[in-house]
Amino acid sequence: MKRRQFIRNAGAAVSIPMLLNGFRLSALSKPLLFNGVNDETDRVLVLIQLNGGNDGLNMVLPLDQYASLHIARPNIIIPESAALQITDTVGLHPEMTGMNSLYHQGKLEVIQSVGYPNQNRSHFRSMEIFSTGSPADEFWNTGWMGRYFDDNYPGFPEGYPSGENPDPFAITMGYSVSATCQGQAANFSMTLNDPFNLSQIPENDGSEILDTRYGEELAYLLAIIRQTNRYSERIELAANNGHNMAQYPSTGLARQLKNIALLISGGLQTKVYVASLGGFDTHAGQVEDGDPTSGSHAELLKTLSDAVKAFQDDLQAQGLEERVIGMTFSEFGRQIRSNESLGTDHGTAAPLIMFGSCVKPQVYGDNPEIPFNVDVQEALPMQNDFRDVYGSILMDWFGVPESDVRTMMHPEFTPLPIVSCSLISDTRSPETDDGLAVRNFPNPFQDWSTIAFTSPKEDWVRLSVFDAFGSEVAELVNKKLSAGEHEVRFEGRNLPAGSYYYRLMIGNTQKTKLMIKAR
Amino acid sequence: MSNSTTLTYPLSAPPVVLSGLEPYSGPWEYEQAAHLLRRTTFGPTRAVIRQAVDQGLAATIEQLFDDLPMPEPPVNPAYDSDPNVAIGESWVDKGYSSPNPPDEMEYRERSLFAWTIGQMMNEEISIREKLTLFWHNHFPIAAIEDPRYMYRYITTLRAHAWGNFKELAKAITIDPSMLIYLNGNRNSFEAPNENYARELLELFTIGKGPSAGPGDYTNYTEHDVREMARVLSGWEDYGFTAEEPDSEVGAEFKPEKHDTGTKTLSHRFGNKTITNMGEDEYSHLIDVIFEQDQVARFIARRLYIWFVDYKIEEDAETDVIGAMAQILIDNNYEIKPALQTLFGSQHFFDMRNKGLMIKNPIDFLLSIYKPLEISLPEPTDQKYDAWYRVFGFADEMKMSYFQVPEVAGWDSYYREPLFYRLWINSTTLPIRMRISETLIMEGYFPFGANGPKMHPDLLGIIATFSNPTNPNVVIDEFAQILLPMPITDGQKAALKELLIPGLPDFEWTLEYGEYAANPDNSDLANAIDEKVRIMVKTMLSMAEFYLS
């Protein structure tokens, strides 16, 4: 049985069954991942990059907002009756039957309205931000997973692969390395198309590396050739050792996930796999005229959902589920209003989907509030900061201490309760997202409005206001406040009329609400 | 293998102070001419490089920009069922027999793709094809199904190759393919679509500056995107195969779809207002954008990355890119003067800038085909097939003409920090290796397994060498043809091992001499040919060969 391979080293360290039974690992001084003895029990993260900007509002359907949505996107809205309902107020697109059944099996999680302040609406720039984890106004050269690898494997690519780390740290399926895995000196991911068709590249000796730009590029080429050969040997080994035990659809994404499952099954110690699906830039023809449940977006969601379902079934059949979680991400969501071309234009926040038996099976966060009068270009306000999502994965799934996550992601990192099977002892309160009492009055307002909230205990409180384009217009609170009732006045005298959103975070719970400045 | 590191001549480290755009005054020899032609053309042969040496730097730069007639359009090479186009005739202005006819569209598309490779194959000392590809990367399109549209688009780029950037931006803004690609044809008064307006600013003309506040990118704002989308409303393409199969291809202004209101730009454009100008409004908008000097700097930087290096030193940013930008402004955005100054400059020939560019797949392929003189068949249908084969190879390595992966172009020309290095990874490396090995060792079959094999005539090339009976000369001169920089004695020794394993040099002299005396003896010829093939194949597998 395949599992045997993974517990081969079990005698030396914590064994898998203990992990599976929820054994608390927080007692270990060092994250399990890096002590070098238990690598084969290591955890895997599968990222699925949805290229083009996914229309979240037609994927995760906020059923309690349909009155407004019918006005804003009448030509493309998914009929309520067709929704695959997963909670009282949330439905999935009707083509997402696979993910719907994963949700009911407790293996799917929806994180609502993920984005960042002042979201950029360019594909190029926003994908860069989503890959690097930088703030919107800073240009970072390393990816968020790349920084994590840099911290743990300094000097890469020099000296890798090594005896202790014989396998690629990350693999991007396809032809171009993922920017998420970009480290200081090199990208930590190798690309892979067909694990059974890897050839060795001649390593010609004798090059002299001079201290010139020519020398610099030549050294890079030589390093990649050498590394590719070493890693290819390992991949081939894993591919031949591994199995698939589920039927996959015949789509490109399914093929990528099938190969990922094969390599995990074969014992490859790669920690991050990146798959991708393109075509989400649905400015036109997102749905078919007169049949909004079909069209290009429906096909994409079906491709995604069916492929993930097959992948999860495969992992389950092979007893690998507890080692793997997955997450989708896209550069932005789309605007609330549809256009006349049966499409949608670039927007801001969007839901993100996580899958695996170690994600919390929940819809995390509230449905976005859709105003009756949606402005041109208006998009969804951020509810969950993507860096908090990434950071929580680093912390809970890979066991990176919270203080390190702050350094890697952002100083105001707030862990979110989105991953179970945590490697870090969980000091966070259980899910209390309905627990935050917050309101504003008057609403609609003319010049100002008072935002009132109750803090259940003494805690760090952040309260910001965003406009309809996702720009932060005011930070009202960012400090520790005592338990009890608080009121903050928001001055909006100089702002144009329209929709505004305020986002309250107390500890690690947050709520985003709509308020209207009267015209 | 010996690991000696003695060099034929020393490579200097980069100088502390980088040179600028002052005229180049150093030697003009094979090395310099090869550097210039490898960066500005595809796969120059040794003969062409020598021709450039003979005629001098100034004349070579002039020739690179010599006006050429537009190429003859692609033809129907072999498809016998197109009622509108006979075999051997061009299809570019011919309608289809029905909407979306799959076979007619397929042969025309193959013909266009093949012919495009043919343009690069046939070109000698001209920068036109490299600039056409530059513009294709700059103003990309993808997934345009109608080959007539793509032909029209690429012809516009080619016609403006080193012409006026502003005029090109105008032409592309209402190009039928671009109207489809970035939804300009869906942009109307009633339903504004800002896709093109956004990319026009961010990627095509002025670029984003640092974030200066919500929706403000220093060079422009979100408000400008919205207002410019209004300016650009009302344009539609016509003649698409699915809708009007027998119409010609073009773009037209539909006044009823145009937003006639007054548009007010942000303070980044001096709060300028644009009142209704109907079908001239788009052109006026381009003029307004090009009044900003940032446009010149933006395109100068793109040209620098395309022709010099992706690493831009501080000095180069001011002394080279800044200076090129000024030349562009002084010449009302004519591209030629800025590029000619660059190619004639001290900076371009600085040792720092040589051999550092990882070839893109098309450059990689043509730097095998052309310098090794892989001959292509003459009959039109076979020639198109052979060209199409090259297109297919490039496609395998993720560079398909007419299918640019992102609106920002191929990531090797914009994605920090790896840039050109993105061409090279564990997936594309083995493909490069396999293709070069196939071309040299087996030859390839452009027309299916029964067709003639095409491969280089290496013995013919050796016969042109200064002294083919000396194995060291054979290696040196092949290295000169294929590699960007001198290689080490250790590398030469390893290559010589492939010609005369474990034997003294005179054994080669004997063997080659015998073959030269009896050139019709196929046993002798095959023995030499086999050795040379293995040596050249190995040279193509060296990391050095990937650089230009």
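**Strands and a helix, checked against their definitions**

Trainee: What makes β2-β4-β3 of chain A an open sheet of three strands?

Mentor: In this predicted model, the three strands lie in the order β2-β4-β3 with antiparallel pairing. The edge strands, β2 (60–62) and β3 (84–85) of chain A, each pair on one side only. Strands are DSSP runs (E, at least two residues; helices are H or I, at least four), numbered from the N terminus.

Trainee: How do you know that β2(A) and β4(A) pair?

Mentor: Two strands pair if DSSP finds at least two bridges between them. β2(A) and β4(A), residues 90–92, have three bridges, so they pair, in the antiparallel sense. Val60(A) stands opposite Leu92(A) there.

Trainee: Why are both faces of β6(A) called covered?

Mentor: A residue is buried if 20 or more other C-beta atoms, placed from the backbone, lie within 10 Å of its own (exposed: 12 or fewer; partly exposed: in between). Ala170(A) and Thr172(A) on one side, and Ile171(A) and Met173(A) on the other, are all buried.

Trainee: How do you know that the length of α22(B) agrees with a helix?

Mentor: The expected span is 1.5 Å times one less than the number of residues. For the 13 residues of α22(B), 505–517, that gives 18 Å, and the end C-alpha atoms are 18 Å apart, so the two agree.

Trainee: Which residues of α22(B) are buried?

Mentor: Trp508(B), Tyr512(B) and Tyr515(B) are. Directions from the axis to the C-beta atoms give the arc; the buried residues fall within 55 degrees, so they line one face.

Notes: Residues are numbered from 1 along each chain as its sequence is written. Chains are lettered from A and ligands numbered from 1 in the order in which they are written. This is a predicted model: local features need pLDDT of at least 70, side-chain atom pairs count only at pLDDT 80 or more; totals for chains, interfaces and linings use all residues.
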